[in-house]
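Student: I would like a close look at a single part of this model, namely one chain and the contacts it makes with its neighbours. Please take it step by step.

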Amino acid sequence: MDAIEKQLHASPRNLRYIFTIAILILLLFIWSLTTVNLDNVSESGLGIAAGIIGGILNPDLDLLFSFTSQGVLYLLIETIAIAFLGTIMGSILAIPLAFLSASKIVPKPVASVTRLLLIIIRTIPALVYGLMFIRVTGPGPFAGVLTISLASIGMLAKLFVDVIEELDTNILESLDSIGCNTFEKIRYGIWPQLFSMFLSIIIYRFDMNLREASILGIVGAGGIGAPLIFAMNAYRWSEVGSILIGLVVLILLVEFFSNRIRNKLVRG
Amino acid sequence: MYDRIFPPAKITLPNGKIVYEKKSRAPIILVLLVLATIISVRFTNFDLNTLFKRGHEFFVIIGQMIPPKWDYLNNIWKPLLDTIKMSLLGSILGSIAAVPAAYFASSNIVSKPVAAVAKFFLSILRTLPTLVTALIATFIFGLGTLAGTVAIFLFTIAYVGKLLYEQIENANMGSFEAMESIGMGRLQAFRYAIFPQVLPNYLSTSLFSFEGNVRYAAILGYVGAGGIGLLLDESLGWRDYSSVGMILLMLIITVYLIEKVSEHFRKKLI
Amino acid sequence: MIEFIDVGKTYSNNMKALEDINLRIEKGEFVAVIGPSGAGKSTLLRCINRMHDISEGKLIVDGVEVNSLKGKEIRKFRQRIGMIFQSYNLVTRISVIKNVLVSFAPKLPYWRKVLGLYTKEHKVKALTALDQVGILDKAYVRVDQLSGGQQQRVALARTLAQNPDIILADEPIASLDPVTAKQVMDDFTKINRETNISVIINIHHVEIALEYADRIIGIRKGKIVYDGKAEDLTEENLNYIYKGQTEELQSNEMEGKTDV
């Protein structure tokens with residue numbers, strides 16, 4: 001038995017606490033059950049499920065490997081491009097915001113205001129940005145890039161701040177003793193520490209952005225989402241199958257490589 | 001490979017020792033990144049001109065959101081609560097279902113092939129964006145909150161399941177073997193030896209995934225899977241931005257509160 | 001040559017860190033500064049390269065009056081004095097050689113600084129310095145992969161690459177285990193003998209100080225209470241430096257804390 005279970009038996013107060021929480025969760029659970037409405041479930045559901053599974057097992061290979069602008073490969077590359085550019089732009093925007101929200105660097109009120117702004121940016125779903133940007137640039141992948149940029153800022157800046165606040169400042173003392181000026185201290189003492197950590201965070205976010213970008217098509221902001229929804233609405237299951245296969249393979253591949261690169265960056 | 005194309009530089013020290021300095025990867029990585037950027041710009045029709053000319057439109061829209069339309073609050077409550085219910089139900093059921101899923105994916109508990117198959121399914125589930133799962137779910141379960149709940153349920157299994165099997169695989173196996181040696185079955189030994197070890201982390205992960213699920217659930221309405229997303233879609237479609245502002249404000253407050261509460265309990269757990 | 005003439009130092013909170021310091025250290029000497037925590041050892045060391053300002057008296061290093069230096073002159077002056085720290089103070093996420101090369105950074109033209117490119121000549125010098133401390137084979141390894149002793153040697157190599165006239169070492173072995181500590185001390189001795197660089201070292205471990213240093217300076221409450229050859233240091237001298245509290249001395253050693 002580990003400490004937690006022992007504690008549980010040792011102290012009756014704790015037991016009551018856990019009991020209360022359990023009841024609370026149970027009540028919440030029952031409350032949330034009221035949302036389930038089985039009326040809309042029709043018998044065609046089973047047929048559709050079978051259709052989708054059939055489509056995945058029997059994908060439209062021509063579509064999967066065609067290079068035309070309707071082909072899965074092309075759309076996947078477009079999705080990657082949206083995620084890539086969006087990540088780069090988002091990172092560029094996030095860096096100043098991160099410094100502005102580091103209480104080590106700027107006065108407290110400035111840091112608090114920036115933090116609030118970042119929380120707001122982070123909470124608004126990317127799809128909402130997508131719908132707004134479509135009004136700005138018209139539908140298409142460009143709106144997707146802008147959406148991804150804005151949607152990445154919140155998380156990127158938050159993770160950047162953590163790195164900034166954990167900087168090892170001992171190194172500055174030794175650079176002082178070598179006779180470095182302020183620029184040299186930043187270039188050789190701060191930058192190397194920030195660079196690999198920031199890069200690792202950016203790659204992590206790219207990984208997430210790829211998933212985001214793959215659904216932006218649903219609102220018309222480019223990428224593979226739109227063809228997916230069209231294919232589904234038209235019940236073309238083999239097309240759906242090939243798009244899903246392409247998407248899953250791509251995301252798994254990118255995740256694999258991004259994990260490897262990040263491990264190398266962080267552990268050396 | 002790289003070192004064969006660009007052989008390392010040879011540096012000879014005054015005392016005759018020779019050091020090989022591998023050529024830096026930085027230039028080629030830089031070239032690749034620039035190439036990738038150019039290709040991406042081509043593929044996405046990225047256009048700075050448009051951005052400069054019409055970028056302010058975005059802020060015009062934001063300007064129209066402020067002040068939010070306070071009367072709209074009455075229309076928001078039900079879908080907002082629906083969103084919370086969806087994510088709550090999906091998270092609770094998903095976290096419970098994640099336990100057997102993680103059990104069968106742990107290579108130190110079950111046989112290697114079984115674990116590999118289970119891991120494969122978990123990673124596919126995790127890879128599919130929630131919105132896509134929700135879209136598929138609306139086709140199978142019909143429009144409404146049930147589809148959204150199913151999507152969140154599936155994602156939670158995958159997410160909590162993955163973190164849980166990683167925990168189980170790193171757990172201390174000594175007590176597991178001890179329990180097996182006194183005649184317990186694998187399942188029982190797991191229950192008494194491994195589960196207590198991973199319990200606090202499991203609860204914390206489940207809470208964390210609930211936090212994230214509220215955010216995801218907010219957009220599921222867009223594909224007809226219930227919740228506040230439907231309302232967002234409608235108001236954005238009608239360009240009724242002050243209502244959008246109100247919805248977003250409520251969403252931000254809700255997410256913030258849920259995060260704070262969940263953070264409080266997560267800190268207690270670890 | 002380092003010369004302290006009636007040097008005193010008062011911190012802004014009116015705490016006297018150093019008082020009436022009169023000291024002459026010739027080129028090529030190996031000096032160990034001992035004394036209890038908070039006695040002013042670190043302050044003494046940091047005055048020499050103007051990491052701290054002195055408040056009274058004169059401090060002359062190789063003919064330069066240290067306290068009259070300003071801005072850019074200070075940085076130029078510091079380039080001639082190497083400094084080693086208890087916590088190594090390396091950038092752990094980059095390679096060993098890049099850490100050593102940093103000591104050339106102030107001398108680089110601007111564009112090289114921005115790009116972080118060094119000349120071949122600098123690389124040869126850096127590698128030679130690494131060879132001197134016996135970790136040439138680790139040149140392209142990232143610092144966070146090295147042990148504490150190896151990291152302290154990288155710091156030593158970084159200092160050597162500066163080609164300094166003086167090396168100041170502030171508790172260089174306090175974070176190391178006894179065996180590595182000896183190896184690092186051996187490196188100091190070797191460098192001192194071979195290159196005639198003066199070495200001034202703050203140290204908690206009295207036995208090691210006696211074993212390696214030619215000269216011992218004992219500090220107590222900001223004043224010099226012993227200054228003489230290592231072999232002449234008696235038990236009574238030690239008792240006086242640490243005020244007869246040999247137990248405290250030992251506990252200080254165990255904790256390996258730095259003093260202010």
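Tutor: A short word on the neighbour comes before the chain itself. Chain C of this predicted model contains 10 helices and 10 strands. The C-alpha atoms of chain C occupy a box of roughly 55 × 40 × 35 Å along the principal axes. The radius of gyration of chain C is 18 Å, which agrees with the value near 18 Å for a compact globule of 260 residues.

Chain B is the part to examine closely. Chain B has 11 helices and 2 strands, and along the sequence these run in the order α-β-β-α-α-α-α-α-α-α-α-α-α. The C-alpha trace of chain B spans about 80 × 65 × 35 Å along its principal axes. Its radius of gyration is 26 Å, whereas a compact globule of 270 residues would have one near 18 Å.

An unreviewed UniProt entry assigns residues 80-259 of chain B to the feature "domain: ABC transmembrane type-1". In the model, that span is 84% helix and 0% strand, and its end C-alpha atoms are 16 Å apart.

Now the contact with chain C. Here 10 residues of chain B meet 8 residues of chain C. The buried area between the two chains is about 790 Å², with 66% of it from carbon and sulfur atoms. Of the area that chain B buries against chain C, 51% comes from Ile11(B), Leu13(B) and Glu21(B), more than from any other three residues.

There are 2 salt bridges between chain B and chain C. One of them joins Lys17(B) to Asp131(C), with the closest N and O atoms 2.8 Å apart. The interface also has 4 residue pairs in polar contact, counting pairs with both residues at pLDDT 80 or more. On the side of chain B that touches chain C, the elements that give two or more residues are β1 (9-12) and β2 (18-21) of chain B. By class, that side of chain B has 5 nonpolar, 2 polar and 3 charged residues.

The other contact of chain B to consider is with chain A. This one takes 66 residues from chain B and 68 residues from chain A. The area buried between chain A and chain B is about 6,000 Å², and carbon and sulfur atoms give 78% of that area.

Between chain A and chain B there is 1 salt bridge. It pairs Arg126(B) with Glu255(A), and the closest N and O atoms lie 3.0 Å apart. Polar contacts across this interface number 10 residue pairs, again with both residues at pLDDT 80 or more. On the side of chain A that touches chain B, helix α5 (residues 72-100) of chain A gives the largest share, 9 residues. That side of chain A divides into 52 nonpolar, 9 polar and 7 charged residues.

Chain A carries an annotation of its own. UniProt, in an unreviewed entry, places "domain: ABC transmembrane type-1" at residues 76-258 of chain A. This span of chain A is 84% helix and 0% strand, and its end C-alpha atoms lie 17 Å apart. Glu255(A), the partner of Arg126(B) in the salt bridge, falls within the annotated residues 76-258 of chain A. Arg126(B) in turn falls within residues 80-259 of chain B, which carry the annotation there.

Note on methods. Residues are numbered from 1 along each chain as its sequence is written. Chains are lettered from A and ligands numbered from 1 in the order in which they are written. This is a predicted model: local features need pLDDT of at least 70, side-chain atom pairs count only at pLDDT 80 or more; totals for chains, interfaces and linings use all residues. Side-chain values use heavy atoms; hydrogens and water are left out. UniProt positions are given in the numbering used here, feature names are shortened, and annotations may be inferred rather than shown by experiment. Helices (H or I, at least four residues) and strands (E, at least two) are DSSP runs, numbered from the N terminus. Contact means heavy atoms within 4.5 Å. Buried area is the accessible area (1.4 Å probe) that two parts lose on being put together, summed over both. A salt bridge is a side-chain nitrogen of Lys or Arg within 4 Å of a carboxyl oxygen of Asp or Glu. A polar contact is a pair of N or O atoms within 3.5 Å; within protein, one must be able to donate a hydrogen and the other to accept it, and residues adjacent in sequence count only if both atoms are side-chain atoms. Ala, Val, Leu, Ile, Met, Phe, Trp, Tyr, Cys and Pro count as nonpolar, Asp, Glu, Lys and Arg as charged, and the others, Gly among them, as polar. The radius of gyration is taken over C-alpha atoms; the globule rule is 2.2 Å times the number of residues to the power 0.38.
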